[in-house]
Amino acid sequence: MASEIHRASTTAPVNIAVIKYWGKRDPKLNLPTNSSLSVTLSQSDLRTHTTASCSPTYTHDELILNGSSQDVSGARTQACFRELRTLRKQLETTNPSLPALSSMPLKIVSENNFPTAAGLASSAAGFAALVRSIANLYELPASPTELSRIARQGSGSACRSLFGGYVGWEQGSQPDGSDSLAFEVAPASHWPTMRAVILVVSAAKKGVSSTTGMQTTVATSSLFPVRANDTVPRRMAEMQTAIQERDFESFAKLTMMDSNSFHATCLDTWPPIFYLNDVSRAAIKAVEAINHAAGKIVAAYTFDAGPNAVVYFEEENEGIVAGALRKLVGEKEGWKGEAKSDDAVVEKVVKEA
Ligand code: ADP
Ligand code: DP6
Ligand code: CO
């Protein structure tokens, strides 16, 4: 039927890195200069919802994000479409009774229920949802690992949102990126007491996109090679051990030191990049005060390429961590979002400004 429309939907969560990806060795394929590791906030209120459809009646590929039409001619989106169409084409070739979806234009309709391009990993949830919705539409038998290879080409951090829990992204060494893939370090259920809270300091679009920022850092920062070649490889190994052993103090210290190291290379970029603001720095001080008062490390801050803080802590310390952060944003702001599961990482938004 000429009027047929094929459709599939999915949602994908954000992930917040505790060892950050910052730097590309190949900007076309989004191949990173270092491996990274994140926590997928699966129980989060922060999600992308995407519907992919295709029809012989459509005239061109289209992407509608939060109600506005986006440019799909960019190499990143094109790479995802091309890879997924190739996989569908293979299925159609081996099974000629399947409808020829691979030759129909695609329409992607996506909504982020949290600020876009504000340092809360919208590109991660966004491209993970885009790739999975099309894979569902095409009924591809692709594994999360294979989808991570494709989503990486949309946005590097997106490869990690195809898995839940604690997720690594191995930088790989192949020039074609075939070994630059996400992998599960541990499922969320491995550490059921882990919690995260997100402090939305600003929902404004960042001044320097992650893509531009990291390429300027690679080109100009003299601190950067030390971070990429020495600091991060060492901490990647230490972080995986901390997670395996559920050693919160080591997890937390590595998380905070890596966030500081990443933002130090941003300041060392020319011209300098400032993602943190005064409220971010107040959040760092608040976490330091919490840990000082507790006599041990019970909370860890981390900041992506934006001013918004994510604070990891264990359930038993929720009272002291939440109390101190509430004070920071003022009692009247209250909590937004609630914990939903016992066996997964959950988080709450403290403040939306
Ligand atoms: P963030 O810190 O939010 O990840 P980035 O600078 O990395 O910010 O990326 C933001 C860009 O990611 C947006 O301008 C848009 O091009 C893309 N993006 C965000 N959400 C989606 C989505 N749901 N679907 C497709 N692309 C998206
Ligand atoms: C600071 O994945 O958004 O959040 O690959 O250019 O789309 P592109 O960049 P992106 O960079 C994320 C940077 C980070 C750290 C991280 O998520 O690991
Ligand atoms: Co991003």
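**Helix packing, sheets and ligand shells**

Helices H2 and H3 lie oblique to each other. The model in which this arrangement appears is a predicted one. The crossing angle between the axes of H2 and helix H3, the latter spanning residues 144–154, is roughly 130 degrees, and the two axes come within 9 Å. Because angles over 145 degrees count as roughly antiparallel and those from 65 to 115 as roughly perpendicular, an angle of roughly 130 degrees belongs to neither class, and the pair is therefore described as oblique. The crossing in which H2 passes H3 is right-handed. On the side of H2, the contact is made by Phe127, Ala128, Leu130, Val131, Arg132 and Ala135, and these meet Leu147, Ile150, Ala151 and Gly154 of H3. Sorted by class, this contact of H2 with H3 comprises eight nonpolar residues, one polar residue and one charged residue.

H3 also packs against helix H1, which covers residues 75–94; here the axes come within 7 Å and cross at roughly 155 degrees. H1 is therefore roughly antiparallel to H3, since angles over 145 degrees are placed in that class. From H1, the residues Arg76, Thr77, Ala79, Cys80, Glu83 and Leu84 take part, and they meet Ile150, Gln153 and Gly154 in H3. The contact of H1 with H3 contains four nonpolar, three polar and two charged residues. Ile150 and Gly154 of H3 are listed in the contact with H1 and also in the contact with H2.

One open sheet consists of five strands in the order S1-S6-S9-S7-S8, and its pairing is mixed. Strands S1 (6–13) and S8 (68–70) occupy the edges; each has a single partner strand, so one side of each is left without a neighbour in the sheet. Direction ignored, neighbouring strands of this sheet are turned against each other by 20 degrees on average. Strand S6, comprising residues 47–54, pairs with S9 in the antiparallel sense over seven bridges. Within this pair, Thr48 is placed opposite Asn112 of S9. H2 packs on the sheet and touches S1, S6 and S9, and the direction of H2 makes about 150 degrees with that of S1.

The mixed character of the sheet can be followed on the other side of S9. Strand S7 (residues 62–65) runs parallel to S9 and is joined to S9 by four bridges, with Glu62 opposite Lys107 in S9. The pairing of S7 with S8, in contrast, is antiparallel and involves three bridges. Leu63 has Gln70 of S8 as its bridge partner. S7 and S8 form a hairpin with two residues between the strands, and in this hairpin Asn66 adopts a positive phi near 50 degrees.

A further open sheet is formed by four strands in the order S2-S5-S10-S11, with antiparallel pairing. Its edge strands, S2 (15–19) and S11 (182–186), each pair on one side only. From one strand to the next, the twist averages 35 degrees. Strands S5 (residues 36–40) and S10 (residues 165–169) are paired in the antiparallel sense through five bridges, and Ser38 stands opposite Val167 of S10. Helix H5, formed by residues 224–244, lies across S2, S5, S10 and S11 and runs at about 115 degrees to S2.

Two ligands were also examined. Ligand 1 is surrounded by 22 residues, of which Ser110, Ser122, Ser123, Gly126 and Ser210 are the closest. Strand S9 (106–112) and helix H2 (122–137) each contribute at least two residues to the shell around ligand 1. The largest share, six residues, comes from H2. H2 thus supplies residues to this shell, packs on the five-stranded sheet and meets H3. By class, the shell around ligand 1 is made up of nine nonpolar, 12 polar and one charged residues.

Around ligand 2 there are 14 residues, the closest being Ala17, Ser155, Gly156, Ser157 and Thr211. This shell around ligand 2 divides into four nonpolar, eight polar and two charged residues.

Technical notes: Residues are numbered from 1 along each chain as its sequence is written. Chains are lettered from A and ligands numbered from 1 in the order in which they are written. This is a predicted model: local features need pLDDT of at least 70, side-chain atom pairs count only at pLDDT 80 or more; totals for chains, interfaces and linings use all residues. A residue is near a molecule or strand if its C-beta atom, placed from the backbone, lies within 6 Å of it. Ala, Val, Leu, Ile, Met, Phe, Trp, Tyr, Cys and Pro count as nonpolar, Asp, Glu, Lys and Arg as charged, and the others, Gly among them, as polar. Axes are lines fitted to C-alpha atoms, for helices over the stretch in contact, and angles run from 0 to 180 degrees between N-to-C directions. Angles under 35 degrees count as roughly parallel, over 145 as roughly antiparallel, 65 to 115 as roughly perpendicular and the rest as oblique. A crossing is left-handed if the near helix is turned anticlockwise from the far one by less than a right angle, and right-handed if clockwise. Two residues are in contact if their C-beta atoms, placed from the backbone, lie within 7 Å. Two strands pair if DSSP finds at least two bridges between them.
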